[in-house]
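Here is a short tour of one protein model, written to be read with the structure open beside it. We start with a pair of helices and work outward from there.

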Amino acid sequence: MARVNLVVDGTRYVDEVPPRLLLVQYLREHLGKVGTVIGCDTGNCGACTVLYAAPDGRAQAVKSCSMLAVQADGGEVTTVEGLAAADGTLHPVQQAFHENHALQCGFCTPGMIVAAVDLLREKPHPTEAEIREGLSGNLCRCTGYENIVRAVQAAAAAMNGSGAAAPSAPSQAAPAEPASSTPATTTEVAA
Ligand code: FES
Ligand code: FES
């Protein structure tokens, strides 16, 4: 077993996990973050995309089926479940997906939304081509992508028009308390 100590959607967790446990399995099976889905398990579909901020502050969207849980140690993960405000107000990208009918079956949607958030963090004013390229690692079998592109354009307009800054990278939380003799179960620690 190996120890992981990371912040997920604002809550710090300290766990003992199998060294080969994938980050997506840790999120879903240990933390119950089932909003992050598994579409292919081979790094192709992007359905499992989450935001990951490394301990050095570098933030990026990652496919959580292509990363071990232990590789996320010391960092901060934001899943689609962590994007909305505490009062339930949707993130502008979530709102735009809803308003622009950017989903049908919805299976690609969690990863697509997280990838779009990362895209707009890096490019607050993306062209259509940049949106299509930015989301090229996320596959959708239903929509034909048109409404997804429209939703990202709408989210960009809303975020810029309102004067709101592009979504920031997850902030690095303060380190947790030193590891205790915690059994191999999920332990929440105030972030
Ligand atoms: S489930 Fe991770 S890329 Fe498809
Ligand atoms: S809405 Fe069905 S895969 Fe995208």
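The crossing of helices H2 and H3 is right-handed. This is a predicted model, and the helix pair makes a good place to start looking. Two packed helices are described by the angle between their axes and the distance between the axes. For H2 (residues 92–99) and H3 (residues 109–122), the axes come within 9 Å and cross at roughly 125°. H2 is therefore oblique to H3.

Which residues in H2 and H3 meet? From H2 come Val 93, Gln 94 and Phe 97, and they meet Thr 109, Ile 113, Ala 116, Val 117 and Leu 120 in H3. Sorted by character, the residues of this contact are six nonpolar, two polar and no charged.

**The core**

Ala 116 turns up again in the largest nonpolar core, which has 52 residues. Together with Leu 51, Val 152 and Ala 155, Ala 116 is one of the residues with the most contacts inside that core. Both strands and helices supply two or more residues to the core: strands E1 (2–8), E2 (11–17), E3 (49–53) and E4 (59–63), along with helices H1 (23–30), H2, H3 and H5 (146–161). H3 gives the most, with eight residues.

**The chain as a whole**

Stepping back, the protein chain holds five helices and six strands. Read from the N terminus, the elements follow the order β-β-α-β-β-β-α-α-α-α-β. Of the 191 residues in the chain, 41% are buried. Among contacts between residues at least 6 apart in sequence, 67% join residues at least 24 apart.

**Two aspartates with positive phi**

Most residues other than glycine have a negative phi, and most peptide bonds are trans. Two loop residues are worth a look here, as the phi of Asp 9 and that of Asp 41 are both positive.

| Residue | Phi | Loop | C-beta neighbours inside 10 Å |
|---|---|---|---|
| Asp 9 | near 50° | between E1 and E2 | 21 |
| Asp 41 | near 70° | between H1 and E3 | 15 |

Is Asp 9 buried or exposed? Asp 9 counts as buried because it has 21 C-beta neighbours inside 10 Å, and the cut-off for buried is 20 or more. Asp 41 has 15 such neighbours, so Asp 41 counts as partly exposed.

Methods: Residues numbered from 1 in each chain as written. Chains lettered and ligands numbered in written order. Predicted model: local features only at pLDDT ≥ 70, side-chain atom pairs only at ≥ 80, totals over all residues. Axes fitted to C-alpha atoms, helices over the stretch in contact; angles between N-to-C directions. Helix = DSSP H or I, 4+ residues; strand = E, 2+ residues; numbered from the N terminus. Parallel < 35°, antiparallel > 145°, perpendicular 65-115°, else oblique. Left-handed = near helix turned anticlockwise from the far one by under 90°. Contact = placed C-beta atoms within 7 Å. Nonpolar A, V, L, I, M, F, W, Y, C, P; charged D, E, K, R; others polar. Core = buried A, V, L, I, M, F, W, Y, C linked by C-beta atoms within 7 Å. Buried ≥ 20, exposed ≤ 12 C-beta atoms within 10 Å, placed from the backbone.
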